[in-house]
Amino acid sequence: MSEAVPIPEAENPGDGEVLHYPRDGGDEGPIVVANEFVDVVVRRVETRNGVRLEIWSPRRNTCVRFDAVALDCLSYQEPEFITSLLARKPGP
């Protein structure tokens, strides 16, 4: 008996979806991670396909949502892989 292995899923929010910069995250709200170069807003989102972790960059106006399998996949990547991602230039 074999179990189905879920495929990691990353998705972008739907067109027209408005994201707001949080004013007060509180203990349950979004988390803002920022330094002098970048700021991102991280929050838990319920979608019709289940729970996702949303990462939004207000400066770039880009956003991505990861499911649990995709997040697990990130957890075991070598630091060199993340460094190679940082070397890439973002698209237009």
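1. In which helix is the place of I82? I82 lies in helix α2. This note concerns a predicted model, and the helix is taken up again under point 8, after the sheet and its charged residues.

2. On the sheet. Five strands make up an open sheet, and their order across it is β1-β5-β4-β3-β2. The pairing of these strands is antiparallel. Strands β1 (10-11) and β2 (31-34) occupy the edges; each has a single partner strand, so one side of each lacks a neighbour in the sheet. As a general point, strands of a sheet pair through backbone hydrogen bonds, in either a parallel or an antiparallel manner.

3. On the pairings of β3. Strand β3 spans residues 39-47 and strand β4 residues 50-57; the two run antiparallel and are joined by seven bridges. Within this pairing, V42 is placed opposite I55 of β4. The pairing of β2 with β3 is likewise described as antiparallel, and extends over four bridges. Here V42 of β3 is the bridge partner of I31. V42 may thus be followed across the sheet, with I31 as its bridge partner and I55 of β4 opposite. Strands β2 and β3 also form a hairpin, with four residues between them.

4. On R65. This arginine belongs to strand β5, which covers residues 62-66. Is R65 buried or exposed? With a relative accessibility of 6%, R65 counts as buried, because the cut-off for that class is under 20%. Its side chain makes a polar contact of 2.7 Å with the side chain of E54. When neighbours within four places in sequence are left aside, the residues in contact with R65 are E9, A10, E11, P13, E17, R43, V45, T47, R52, L53 and E54.

5. On the network that includes R65. Which residues are linked with R65 in a network of salt bridges? They are R43 and E54. The side chains of R43 and E54 meet in a salt bridge, at 2.6 Å from N to O. This pair links distant parts of the chain, with R43 in strand β3 and E54 in strand β4, eleven residues apart. E54 is buried, at a relative accessible area of 2%, whereas R43 counts as partly exposed, at 31% relative accessibility. R65, the remaining member of the network, is buried at 6%.

6. On R52. A further arginine deserves attention in this region: R52, located in strand β4. R52 has a relative accessibility of 5% and therefore counts as buried. Its side chain reaches the backbone oxygen of N49 at 3.4 Å. Beyond its neighbours within four places in sequence, R52 is in contact with E9, E11, R43, R44, V45, T47, R65, F66 and D67. R65 is one of these contacts, and R52 correspondingly appears among the contacts of R65. E9 and E11 are listed for R52, and they are listed for R65 as well.

7. On the other salt bridges. How many salt bridges does a search of the whole structure find? The search finds four. One of the salt bridges joins R59 to D39, with the closest N and O atoms 3.0 Å apart. That pair connects distant parts of the chain: R59 sits in the loop between β4 and β5, D39 sits in strand β3, and 20 residues separate them. R59 is exposed, with a relative accessible area of 52%, while D39 counts as buried at 9% relative accessibility. R44 forms a salt bridge with E46, in which the closest N and O atoms are 2.9 Å apart. Both partners count as exposed: R44 has a relative accessibility of 60%, and E46 has one of 56%.

8. On the nonpolar surface patch. L74, F81, I82, L85 and L86 make a nonpolar surface patch of about 450 Å². Which helix gives the most to the nonpolar patch? Helix α2, comprising residues 79-87, gives the most, with four residues. I82, placed in helix α2, is a member of the patch. At 36% relative accessibility, I82 counts as partly exposed.

Definitions and conventions:
Residues numbered from 1 in each chain as written. Predicted model: local features only at pLDDT ≥ 70, side-chain atom pairs only at ≥ 80, totals over all residues. Heavy atoms only, no water. Pairing = 2+ DSSP bridges. Buried < 20%, exposed > 50% of the residue type's maximum accessible area, 1.4 Å probe, protein only. Polar contact = N/O pair within 3.5 Å; in protein donor to acceptor, adjacent residues only side chain to side chain. Contact = heavy atoms within 4.5 Å. Patch = residues over 30% accessible without salt bridge, like charges linked within 9 Å, V, L, I, M, F, W, Y side chains within 5 Å. Areas by Shrake-Rupley, 256 points an atom, 1.4 Å probe, with all protein chains shown as cover.
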